[in-house]
Amino acid sequence: LGARDLGRAKTWAQALAGEIRDEGFPALVITPTSGDEAYRVVVGPYPSRESAESAGRRLGRPSFIYHP
(Lines give C-alpha, C1' and ligand atoms only; values in the text may rest on other atoms or scores of the structure.)
Protein backbone atom coordinates (compact mmCIF):
# COMPACT_ATOMS: atom_id res chain seq x y z
CA LEU A 1 0.00 0.00 0.00
CA GLY A 2 1.08 3.53 -0.65
CA ALA A 3 1.31 6.22 2.01
CA ARG A 4 -2.09 7.60 0.99
CA ASP A 5 -3.73 4.16 1.31
CA LEU A 6 -2.11 3.60 4.72
CA GLY A 7 -3.48 6.94 5.88
CA ARG A 8 -6.96 5.90 4.81
CA ALA A 9 -6.58 2.54 6.55
CA LYS A 10 -5.49 4.25 9.76
CA THR A 11 -8.39 6.71 9.55
CA TRP A 12 -10.85 3.86 8.91
CA ALA A 13 -9.48 1.81 11.83
CA GLN A 14 -9.65 4.78 14.19
CA ALA A 15 -13.23 5.54 13.11
CA LEU A 16 -14.28 1.92 13.62
CA ALA A 17 -12.68 1.83 17.08
CA GLY A 18 -14.58 5.03 17.92
CA GLU A 19 -17.89 3.50 16.82
CA ILE A 20 -17.23 0.43 18.94
CA ARG A 21 -16.32 2.56 21.97
CA ASP A 22 -19.53 4.55 21.42
CA GLU A 23 -21.40 1.24 21.72
CA GLY A 24 -19.85 0.77 25.19
CA PHE A 25 -16.99 -1.60 24.38
CA PRO A 26 -13.30 -0.96 25.09
CA ALA A 27 -11.54 -0.69 21.71
CA LEU A 28 -8.13 0.34 20.45
CA VAL A 29 -6.15 0.37 17.21
CA ILE A 30 -2.96 -1.66 16.88
CA THR A 31 -0.52 -0.04 14.46
CA PRO A 32 1.24 -2.35 11.99
CA THR A 33 4.90 -3.04 12.73
CA SER A 34 5.82 -4.16 9.22
CA GLY A 35 4.72 -3.50 5.66
CA ASP A 36 2.79 -6.75 5.34
CA GLU A 37 0.54 -6.08 8.36
CA ALA A 38 -2.66 -4.05 8.57
CA TYR A 39 -4.14 -1.79 11.23
CA ARG A 40 -6.15 -3.90 13.67
CA VAL A 41 -9.08 -2.87 15.80
CA VAL A 42 -9.04 -4.78 19.08
CA VAL A 43 -11.92 -4.95 21.55
CA GLY A 44 -11.03 -5.74 25.15
CA PRO A 45 -9.22 -6.88 27.14
CA TYR A 46 -11.50 -9.40 28.78
CA PRO A 47 -10.69 -11.62 31.77
CA SER A 48 -11.61 -14.89 30.03
CA ARG A 49 -12.26 -16.39 26.63
CA GLU A 50 -15.93 -16.82 27.57
CA SER A 51 -16.36 -13.12 28.35
CA ALA A 52 -14.55 -12.17 25.11
CA GLU A 53 -16.84 -14.46 23.09
CA SER A 54 -19.88 -12.99 24.83
CA ALA A 55 -18.71 -9.45 24.01
CA GLY A 56 -18.19 -10.50 20.38
CA ARG A 57 -21.76 -11.76 20.18
CA ARG A 58 -23.15 -8.59 21.80
CA LEU A 59 -21.10 -6.43 19.45
CA GLY A 60 -22.90 -7.99 16.49
CA ARG A 61 -19.92 -7.75 14.15
CA PRO A 62 -17.59 -10.40 12.78
CA SER A 63 -14.91 -11.08 15.38
CA PHE A 64 -12.30 -13.54 16.52
CA ILE A 65 -10.33 -14.07 19.71
CA TYR A 66 -6.89 -12.42 19.66
CA HIS A 67 -4.42 -13.30 22.37
CA PRO A 68 -1.04 -11.52 22.07
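L59 lies in helix α2, where helices (H or I, at least four residues) and strands (E, at least two) are DSSP runs numbered from the N terminus. With a relative accessibility of 12%, L59 counts as buried; buried means under 20% relative accessible area, exposed means over 50%, and partly exposed is in between, with a 1.4 Å probe and protein chains only. Not counting residues up to four places away in sequence, L59 touches I20, E23, F25 and V43, contact being heavy atoms within 4.5 Å. L59 and D22 are 37 residues apart in sequence, and their C-alpha atoms are 11 Å apart in space.

Before going on, a word on what you are looking at. This is a predicted model, in which local features need pLDDT of at least 70 and side-chain atom pairs count only at pLDDT 80 or more, while totals for chains, interfaces and linings use all residues. Residues are numbered from 1 along each chain as its sequence is written, and side-chain values use heavy atoms, with hydrogens and water left out. The pLDDT is the predictor's confidence in each residue, from 0 to 100. Its mean over the chain is 89, and 91% of the residues reach 70 or more. Among the elements, strand β1 (residues 27–30) has the highest mean pLDDT, 95, and α1 the lowest, 86.

Now let us step back to the whole chain. It has 2 helices and 2 strands, which run α-β-β-α from the N terminus on. Along the principal axes, the C-alpha atoms fill a box of roughly 40 × 25 × 15 Å. Of the 68 residues in the chain, 21% are buried. Among contacts with a separation of 6 or more, 33% are made by residues 24 or more positions apart.

With that frame in place, we can return to L59 and its company. The largest nonpolar core has 7 residues in all: L16, A17, I20, F25, A27, A55 and L59. Such a core is a set of buried Ala, Val, Leu, Ile, Met, Phe, Trp, Tyr and Cys residues joined through side-chain atoms within 4.5 Å. The elements that give two or more residues to this core are α1 (3–22) and α2 (49–59), and α1 gives the most, with 3 residues. In soluble globular proteins, nonpolar side chains tend to be buried together. Take I20 as a way in: leaving aside its neighbours within four places in sequence, I20 is in contact with F25, A27, V41, V43, L59 and R61.

The loop between β2 (40–43) and α2 is a good next stop, and P45 is found there. The peptide bond from G44 to P45 is cis, with omega near 15°. Most peptide bonds are trans. Y46 lies in the loop between β2 and α2 as well, and Y46 counts as partly exposed because its relative accessibility is 25%. Apart from residues up to four places away in sequence, Y46 touches F25, P26, S51, A52 and A55. The C-alpha atoms of Y46 and P26 are 9.4 Å apart, with their positions 20 residues apart in sequence.

Moving along to the segment after α2, you will find I65. This residue counts as partly exposed, at 32% relative accessibility. Leaving aside neighbours within four places in sequence, I65 is in contact with R49, A52 and E53. I65 and V43 are 22 residues apart along the chain, and their C-alpha atoms are separated by 9.4 Å. Back in helix α2 we meet S54, which is partly exposed, with a relative accessible area of 24%. S54 and S34 are 20 residues apart in sequence, and their C-alpha atoms are 31 Å apart in space.

Finally, consider the surface and the charges. The accessible surface of the chain comes to about 5200 Å², and 55% of it belongs to carbon and sulfur atoms; these areas come from the Shrake-Rupley method with a 1.4 Å probe, and for residues only the protein chains shown count as cover. The chain has 9 positive and 8 negative charges, whose mean positions are 3 Å apart. Here Lys and Arg count as positive and Asp and Glu as negative, while His and the chain ends are not counted. Each charge is placed at NZ of Lys, CZ of Arg, CG of Asp or CD of Glu.
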